[in-house]
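Got your viewer open? Let's walk through this one together, one selection at a time.

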Amino acid sequence: MSENTAEQLATKQRDISVAEFFERNRHLLGFDNKRKALLTVVKEAVDNAIDACEEAKKLPEINIQIIDMGNDRYRIIIEDNGPGIVKKQIPNIFAKLLYGSKFHTMKQARGQQGIGISAAVLYAQLTTGRPAKIWSKISIGKPAHYYELHIDTQSNKPEILKDEETEWKEDTGVKIELDIEANYQKGDQSVDSYLKQTAIANPHVTIIYTNPKAEQFIFARASEQLPKEPTEIKPHPYGVEIGILIKMLKATEARTIQSFLTNEFSRVGAGTAKEICDKAGLFTNMKPKDLQLPHVEKLIEGIKSTKIIAPSTDCITPIGDQLLEAGLRKEIPAEFYISVSRSPTVYKGIPFVIETALAYGGDQPGDKTVRLLRFANRVPLLYQQGSCASTKAVTQTNWRSYGLSQSQNSLPVGSLTIVVSLVSVWPPFTSEAKEAIAHYDEIIKEMKLALQEAGRKLGAYVNKKRKIAVQQERVSIFENYIPEVASALSNLSGIGKQNIQEAMKSMLEKNKEYIQAHKESHKVEKTEKQDKEDQIKLGGFDE
Amino acid sequence: MNKKAKESLENLGKDLVKKILAKKPPILDVPIRSLSNVNYDEKTQTLQLGEKTSERNFFNVSHSKKFLQTLEVAAVSKGLIEDNKNTSLRDVFYMIKRTIPNTKTNIVDEQTESDSAIEDLEAITGLSRELLHINAKASGMVSGKVIIEDLGDSIDWSKMGSGGWAIPSNVENITFKKVDANYVLYMEKDAVWQRLHQDKFWEKNKCIIISSQGQTTRGIRRLLQRLSQEYKLPIYVLADFDPWGFYIYSVIKYGSINLAHMSNEMTLTEARFLGITAEDIENYDLKKHLIAFKEVDIKRIKQLQNYDWFKDHKGWQNQFKKMLAMKAKAEIQALSSRGLSFISEKYLPEKIKKGEYLE
């Protein structure tokens with residue numbers, strides 16, 4: 001799939017206009033329909049805003065406003081408190097497709113292809129003809145810059161309609177205003193839901209959101225702690241596929257296999273490189289470009305049989321079990337929360353971390369399928385739930401043993417929200433639309449382990465709760481029956497009702513001795529029942 | 001007023017209160033009235049309740065309601081005894097039916113629940129329903145040259161017009177003044193009884209004829225037992241040639257599972273099965289009037305074959321075998337094919353004279 005990225009499509013086809021490119025690829029870019037277009041525009045702007053704030057080590061505060069202009073037109077205004085953008089970069093970032101620095105680096109980030117925000121600008125231009133309006137301010141002393149931009153659809157270059165200095169009350173930050181053709185609906189795939197979920201996975205972010213119905217939501221931050229800054233890393237030898245290894249061998253500048261291994265991979269020193277070569281039966285001084293396919297296969301085997309330290313994990317910043325729980329706690333009212341953060345591991349040499357959190361009970365309906373919230377690098381995934389690895393991991397987990405109901409190969413039913421989050425320098429998606437996590441065995445396995453660990457704790461809680469409920473029900477049965485029994489007994493024995501009732505109540509107080517289920521009696525009751533059934537089978541011969 | 005019955009109910013209450021005041025769990029020991037606890041006693045030739053009891057502990061959620069139902073019935077019964085009134089099963093149901101305060105639970109929802117509580121009470125106390133002053137509805141007719149006294153009235157069973165005397169569900173309190181009969185003939189079909197009554201069969205043959213409609217009620221069974229025990233009259237049973245008819249006889253003679261705890265008051269070990277038998281079908285040419293067996297009939301006859309009291313009984317096994325071979329059954333009324341009064345003028349006198357019956 002990655003051979004066909006939108007970028008490559010675009011570079012191959014320089015002679016066609018970006019407008020045409022957009023039309024051809026709108027499904028990959030998230031503009032399939034009007035409803036999704038609204039979400040995509042908000043999503044791209046919010047992702048960029050949070051990334052920018054984090055890079056500048058500022059706690060993000062994002063203000064989002066969507067105004068219904070009538071006739072399926074919406075004005076979207078998004079403002080952040082980030083570092084702002086230097087003047088000369090503004091036109092390129094907003095009005096040139098595929099301009100960006102994030103593509104093909106081994107570093108965890110929200111946006112990946114540098115395609116997002118300029119595509120939103122182009123979409124606005126194509127549907128309403130209105131320019132993008134940008135405000136940016138980079139320091140307190142300096143004035144803000146205001147741009148009105150179009151994209152030249154023939155040359156893929158910014159077309160500057162307005163360029164002014166202006167006053168802006170904030171210290172630093174960026175504000176963007178776009179008019180687009182769109183459709184606003186509530187529901188699981190709405191902007192409302194997207195922002196709520198963003199708040200869950202990013203507990204350090206404050207989001208102030210006014211939707212088209214003029215309802216304002218404030219998702220206040222639950223943590224003052226910025227995520228640790230991710231760093232770039234080289235791939236880890238474990239899990240590197242033969243094809244990638246061949247490409248790397250061709251591209252490397254190293255002169256020997258030993259230096260190739262130490263230079264191009266993380267966690268490989270001279271000693272480890274020598275061990276790999278020894279086990280592969282290759283000379284350490286062979287030239288990488290001379291390696292033939294059989295040699296490469298041997299090299300892969302050498303890697304597999306050598307013990308290599310796990311990849312460095314400072315390149316990824318998991319949300320952290322406590323923060324993920326805090327995020328869930330503030331947005332999903334429930335009675336029981338649990339979160340699990342797994343240790344980093346790798347798929348195809350790429351490190352990743354799986355985290356999961358559960359919110360159980362509260363007002364969540366108990367007779368419906370559980371709510372599954374999926375995240376990749378803290379970005380909520382709202383579409384393609386069915387084809388996502390996390391869905392597979394949830395359906396393959398046996399929730400019945402944790403006190404929920406579940407039919408074969410489906411999501412469990414119960415009063416539960418399940419969060420599955422993947423954080424990685426390069427999250428694998430099923431398609432360029434980045435809507436579902438691809439089915440790698442290593443990823444699904446980690447997800448299942450995380451879900452099982454959380455599930456066991458949930459099961460303990462559910463069982464305990466059930467026991468208490470049964471106990472309470474029993475006590476209330478006895479409380480209500482006691483006066484009836486006391487008055488019948490008083491009638492039979494001639495002893496005062498009050499005495500009997502008090503004695504029975506005090507027995508109930510010291511409950512456990514009496515409220516226990518008498519196993520033997522149950523047995524008798526059961527055989528009694530069985531016998532009754534047998535009797536019926538006899539053919540109703542009796543009176 | 002039956003003092004013994006009243007005391008027995010009072011003691012039931014006192015025992016439980018004593019346990020409660022001693023902080024011991026209130027438990028009723030209820031004899032289990034089901035197949036697993038009913039045995040055929042060879043010596044008395046009756047079905048008898050076994051030793052097994054089930055503990056009914058109020059402080060056990062699955063018992064609480066039944067525990068309450070049993071006490072409610074006991075309290076109702078005690079009141080009836082004190083007031084010297086009788087009432088029906090249906091009345092008892094309404095007397096204890098109410099919603100428990102603060103709950104949505106009714107003490108009883110259906111009459112089967114109160115009926116079962118009454119049977120439990122019988123088993124716990126050893127008192128029959130009649131002694132508890134609870135009656136079923138009257139169903140059954142009797143006529144014959146007998147004079148009885150019931151509640152101070154003198155009743156002559158030979159002067160009841162076309163209807164006969166309706167047998168009450170409680171026959172404990174009637175006294176026999178004059179019994180002029182050689183035997184008792186009990187039949188499951190009311191229509192047959194009407195025929196015999198119209199033909200003054202009881203007068204011509206010096207007997208008592210009794211009918212029920214289908215199952216033999218407790219009142220009829222007690223009446224049969226009293227006539228048998230107090231006047232040593234042979235009791236003949238006339239029933240259909242089918243598994244049902246055989247079972248009616250079985251219940252009269254050996255008792256039933258549900259009422260095993262009352263076997264001594266109910267069973268009639270001397271009861272004789274007069275007909276219809278497999279031989280009758282031969283001898284009286286009833287073959288044309290057979291009704292084909294259904295699957296369920298075959299199953300029932302096989303069950304009868306395996307009952308402890310029939311297992312080694314050659315006469316009955318012979319009947320079952322022949323019935324299975326015929327794969328058919330016959331009603332008493334099949335005899336009417338030989339003429340309306342064939343049964344009263346020919347069949348019955350002949351059978352009784354020859355002593356053709358099963359025991």
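Start by colouring chain A and chain B separately. Together the two chains bury about 4,500 Å² between them, 64% of it on carbon and sulfur atoms; buried area here is the accessible area (1.4 Å probe) that two parts lose on being put together, summed over both. Before going on, keep in mind that this is a predicted model, where local features need pLDDT of at least 70, side-chain atom pairs count only at pLDDT 80 or more, and totals for chains, interfaces and linings use all residues. Residues are numbered from 1 along each chain as its sequence is written, chains are lettered from A and ligands numbered from 1 in the order in which they are written, and side-chain values use heavy atoms, with hydrogens and water left out.

**Stop 1: where the chains meet**

Select the residues of the contact (heavy atoms within 4.5 Å). You should pick up 40 residues from chain A and 57 residues from chain B. How many salt bridges are there between chain A and chain B? The count is 1, where a salt bridge is a side-chain nitrogen of Lys or Arg within 4 Å of a carboxyl oxygen of Asp or Glu. Zoom in on A:Glu484 and B:Arg98 to find it: their closest N and O atoms are 2.6 Å apart.

**Stop 2: chain A as a whole**

Hide chain B for a moment. Chain A has 16 helices and 14 strands; these are DSSP runs numbered from the N terminus, with helices being H or I of at least four residues and strands E of at least two. Of its 543 residues, 51% count as buried, where buried means under 20% relative accessible area, exposed over 50%, and partly exposed in between (1.4 Å probe, protein chains only). Take the contacts in chain A with a separation of 6 or more: 70% of them come from residues 24 or more positions apart.

**Stop 3: a covered helix**

Now select residues 116–128 of chain A, which is helix H5. From first C-alpha to last, H5(A) reaches 18 Å with its 13 residues, close to the 18 Å expected at 1.5 Å a residue (the expected span is 1.5 Å times one less than the number of residues). Is H5(A) mostly covered or mostly open? It is mostly covered, with 11 of its 13 residues buried. Among the buried ones are A:Ile117, A:Val121, A:Leu122 and A:Tyr123. Step just past the helix and you land on A:Gly129, whose phi is positive, near 75°.

**Stop 4: salt bridges along chain A**

Over all chains, the count comes to 46 salt bridges. Show A:Arg75 and A:Glu177 as sticks; they form one, with the closest N and O atoms 3.3 Å apart. A:Arg75 sits in strand E2 (residues 73–79) and A:Glu177 in strand E6 (residues 173–181) of chain A, so this pair ties together parts that are 102 residues apart in sequence. Both A:Arg75 and A:Glu177 are buried.

Next, try A:Lys186 and A:Glu215, a salt bridge with its closest N and O atoms 2.7 Å apart. A:Lys186 is in the loop between E6 and helix H6 (191–201) of chain A and A:Glu215 in the loop between strand E7 (206–210) and strand E8 (216–219), so here the linked parts are 29 residues apart in sequence. A:Lys186 is partly exposed at 42% relative accessibility, and A:Glu215 is partly exposed too, at 32%.

**Stop 5: the nonpolar cores**

Bring chain B back. A nonpolar core is a set of buried Ala, Val, Leu, Ile, Met, Phe, Trp, Tyr and Cys residues joined through side-chain atoms within 4.5 Å. The largest has 80 residues, and those with the most contacts inside it are B:Trp157, B:Leu185, B:Ile208 and B:Ile210. Which helix gives the most to this core? That's helix H8 (residues 243–254) of chain B, with 7 residues. At least three residues come from each of domain 1 (3–135) and domain 2 (141–354) of chain B; those bounds come from an automatic or database domain assignment.

Centre on B:Trp157. Leaving aside neighbours within four places in sequence, its contacts include B:Val142, B:Trp165, B:Phe176 and B:Leu223. A second, separate core of 54 residues includes A:Phe22, A:Leu38, A:Leu195 and A:Phe219.

**Last stop: a buried glutamate**

Finish at B:Glu130, in the loop between helix H4 (111–125) and strand E6 (134–135) of chain B. B:Glu130 counts as buried, at 4% relative accessibility. Not counting residues up to four places away in sequence, B:Glu130 touches B:Ser169, B:Asn170, B:Glu172 and B:Arg218.
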